Structure formats: C-alpha cells, structure tokens
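Student: Could you take me slowly through the salt bridges of this protein, looking closely at where the paired side chains sit? I would like one connected explanation rather than a list.

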Amino acid sequence: MGYISAEKKSTGPSGGWTDLWKQEDYWAMWLGLAIVLLAILFWSIGNNFMSWIVLKIPNYSDYRTALSYIISHKSALLALYLFFLVLFSIAVKALTGEVKRFLLGFTFLFLMSLLVSVWGSWDVMKKYNFETPLLALVVGLIISNFFKIPYWLSTALQTQFYVKLGIVLMGASLPVTLILQAGSTAFAQATIIAVATFLTIYWTGTRIFALDKRFAATLAAGGSICGVSASIAIGGAVKAEKQHVSIAISLVILCSIIMIFILPLAIKALNILPGPAGAWIGTAEFADAPGMAAAAAINEQAIKTFILMKVVGRDMFIGIWCFIMALTSITRWDKRYVGTNPNALDIWIRFPKFVLGFIVASIIITLLAASANVTTSIAMNNNLINPIIELRSWAFIFTFLSIGLSSRLKELASVGWRPFAAFTAGVLINIPLGYLLSVVIMGNYWITIK
C-alpha cells in the first residue's frame, strides 16, 4: 500500500469480486465513506463524538500552552487513536493480514503525528511558513536517511492508502456542483498536460537515450498521469520489466519530494494566488500525496483546486491510458509477450476507485446541505463538515510522515542517468506548461474556486 512495498505489488487489480476487499482503492473508499456516514449519524442524533475526538493543536509561543492542551484532551486523543486504529486494522487484516505488526507501527506513527502537529503549531514554524505537512515530510526523511526503519514500522507506512482515504474525505468539503463545474476545465487542462508530458518523456527516452519502448512508456506514465499508480498500471499493461517499473517508481518519488519544496517557494516568489497555485501543483506534481503536501503549504483553497486538477483531471485518465498503451504494445511493438490483449474492461479495472468515494462523499454532503436552512447549515459546518476536515488533516499527516519514513534518498537517486534525463525532460515541459495553463490562461477561472 505504500512506497516501500511498491516493487512487490501486482501490476494491477484483477477486476474480480475479490478486489472489493483485496484492493486498497476500495478500502480507502469504504472507510472514507464509513467515516462520512458515521459523522452524519452522530450529528443527526445530536451526539458530538466526532467533534470531540478531533484535535487541532492551537498556535502557541510557549510550549506549555500545547502541553496543557494535550493533557486536557488526553481522553479525546486516546479515542482518536483507537478510532483510526480500529478502522485501519480492518483494512490491513483484509489486505496483508499483518495486523499485529501494524498495531505497533501505527502506534509509533500516531505518536509521531501528534509530535509533528504540536511542533507545526509553534509560532516560529508559522512565521517561516513551515506548515505541518512539510514538517512531517522533513522529520520522516531525517529519520529514514539516518536510521534503519524496522519492519514492524514499515507495515504502518501505507502512503497510498492514507492519501486516498484523505481524498475521499476531501469530497465532503467540496460540493458536487463545484466538481461538475470544474470537471471539464480540469479534464481539458489535464489532457494537454498529460499528452505533452507523456510524449516528451517517451520520445526523449526512445529516440535520444535509446531506452526500451516499454520502459519509456512506464516512465512517461509516471511523469504525466498519476505517479506511482500509473507506473505500476502502465508497466503491467505493456509488460515492462519489473526493474524498469521499480526505476520509474523511484524517479516519481524522488522528483515528487523535490517538487514539494520547490513549488511552494516558486509560488510565493511569483506571488501566485492560492487558486491558480493549487491547480499548478495539480499539473506539476507527479503523485497525489506529495502534491497534497505542496498544496497544504499554501492554504485550503489551494488544496481544493489541487484536488480538482489532480484527482478529477489527471487520475481519472489511468484506465483509458492503460487500454491505449496495451493496444499500442500489441499492434505496434514486438509480440514477444503473451497475455497483453487489450480489453475495454481494463478502463474500469484500472479506474482509481477512491475517486468514486470522493464523488459519493461530495454528493451525500451536497444533498444534505441543499435541504438545510441557515441555522442547520451552520450546525453542519461546525459539527459535521469541520470534524471530517480535521480527520482528513490527520490522514494527510500520516501520509507525509509515511513518505519521509519510506524514502531513502541515496537509493532513490541510484536509478541511472539516462532514465533520469528522460524523466527530467518531461519535467522541463510539465512545469512551465502547467504554469501557463493554470496561472496565465485559466488563472481567472481557478481564482473563483473557493
């Protein structure tokens, strides 16, 4: 489920009924929607459980303020820990069966998340715009690059699962009308970005650096569609070598981590407004989790436009691209592989199911809000939507810590100069083109997304 186990993963879902409980996409959707429905249930019966368990460390200059807050909320903190632990353990039991190790690893991850949340609320961090997501990533990177991560901890570093769950919860704060309104714009922009970046990496890789066509296609998918998931899925569709898929994943992670720091700095230096900034991050970042970290360093509006651009615009491409590349592999490339027959069903099989959870969560909350009066709407925001947003924030902190703790920069950097050069060529096209579309051409539109 995370970066650590990416090389050992199957290249894609089977499409059978077992996927409903054997694929992390589905579990992210099931658990995300379960949290939304639980929040609605508690709110509808007047129970404040969800509001009670969510903790948001207040900004402070004296550490005793934060310490006092934690002590006074220790029961809620324990309840929050158990809430996540029970939900995640159900998924882990179905996906890997390593519940005992996960219990120990997640306990450590939760305590680290609490520590990072406290540290990120310090006014010194706020002064230098060192937001909690970036802090979580840096702390994780420092630990993983100076210490060996034990296996019991690695079982809890489920990066992809945490970020997908967070994205499903994100749907509760985005009205479905906004998703439908922005969908066509995001999809059009994503199409331009994906095609231009894919062709650049593929052409550079095959024509200039003499990479295998399947290898180049796998690299191009990681840099143009949706990062790690695209590398794995396209690699499976075209029957790329396992080591080539691993190299593509490493490059995606390495470049994504670099972009987490570069993009917010560039956005601040260029005085780009949050709406266009989030859309630019959505086109320039290669994976959901690092992109979310970069967007969170801006503000909530940037997170929303990032989600619309990356999830609604780019992630939904993966099924279509798998079908196209499998067809290309069979009809245009050599036929030394068996079992690569393209199937229109692959579009559904490869479709990121957590996106459905994101849309369903949005529909549920939108329908509730549509029938609410002013007083009820205020109560919904305070006791239903805001708690879900805070739970989403915790899921993203788990994500960013997992990225850092799973990433050894020395290993990521040892992928060879030719794949790196081909991938970099795509980056050099992706970033300025994303800026042109998100800020210059469509900037006035993305500003309106609140």
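Tutor: Lys-164 and Asp-25 are both buried, and in this predicted model the two residues form a salt bridge whose closest N and O atoms are 2.5 Å apart. Because Lys-164 belongs to helix 10 (residues 159-170) and Asp-25 to helix 2 (residues 24-44), the pair ties together parts that lie 139 residues apart in sequence. As a general point, side chains of opposite charge can pair when their charged atoms come close. The search of the whole structure finds six salt bridges, and two others are worth following with the same care.

In one of them, the side chains of Glu-390 and Lys-56 meet with an N to O distance of 4.0 Å. Glu-390 lies in helix 20 (residues 374-406), while Lys-56 lies in the loop between helix 3 (49-53) and helix 4, so this pair ties together parts that are 334 residues apart in sequence. The two partners also differ in their surroundings: Glu-390 counts as buried because its relative accessibility is 18%, which is under the 20% cut-off, whereas Lys-56, at 58% relative accessibility, counts as exposed.

In another, the side chains of Arg-392 and Glu-300 form a salt bridge at 3.0 Å, N to O. This pair links distant parts of the chain, with Arg-392 in helix 20 and Glu-300 in helix 16 (residues 300-314), 92 residues apart. Arg-392 is buried, with a relative accessible area of 3%, and Glu-300, at 30% relative accessibility, counts as partly exposed. Returning to the buried pair, salt bridges that share partners join Glu-24, Asp-25 and Lys-164 into one network.

These pairs can be placed against the fold as a whole. The protein has 23 helices and zero strands, and 58% of its 450 residues count as buried. Among contacts with a separation of 6 or more, 80% are between residues 24 or more positions apart. The largest nonpolar core contains 151 residues, and those touching the most other members are Phe-88, Phe-106, Ile-307 and Leu-391. Leaving aside residues up to four places away in sequence, Phe-88 touches several residues, including Leu-31, Phe-161 and Leu-165.

Confidence should be kept in mind while reading the model, since the protein averages a pLDDT of 82, with 86% of the residues scoring at least 70. Over residues 1-11, however, the pLDDT is below 50.

Technical notes: Residues numbered from 1 in each chain as written. Heavy atoms only, no water. pLDDT = per-residue confidence, 0-100. Contact = heavy atoms within 4.5 Å. Helix = DSSP H or I, 4+ residues; strand = E, 2+ residues; numbered from the N terminus. Buried < 20%, exposed > 50% of the residue type's maximum accessible area, 1.4 Å probe, protein only. Core = buried A, V, L, I, M, F, W, Y, C linked by side-chain atoms within 4.5 Å.
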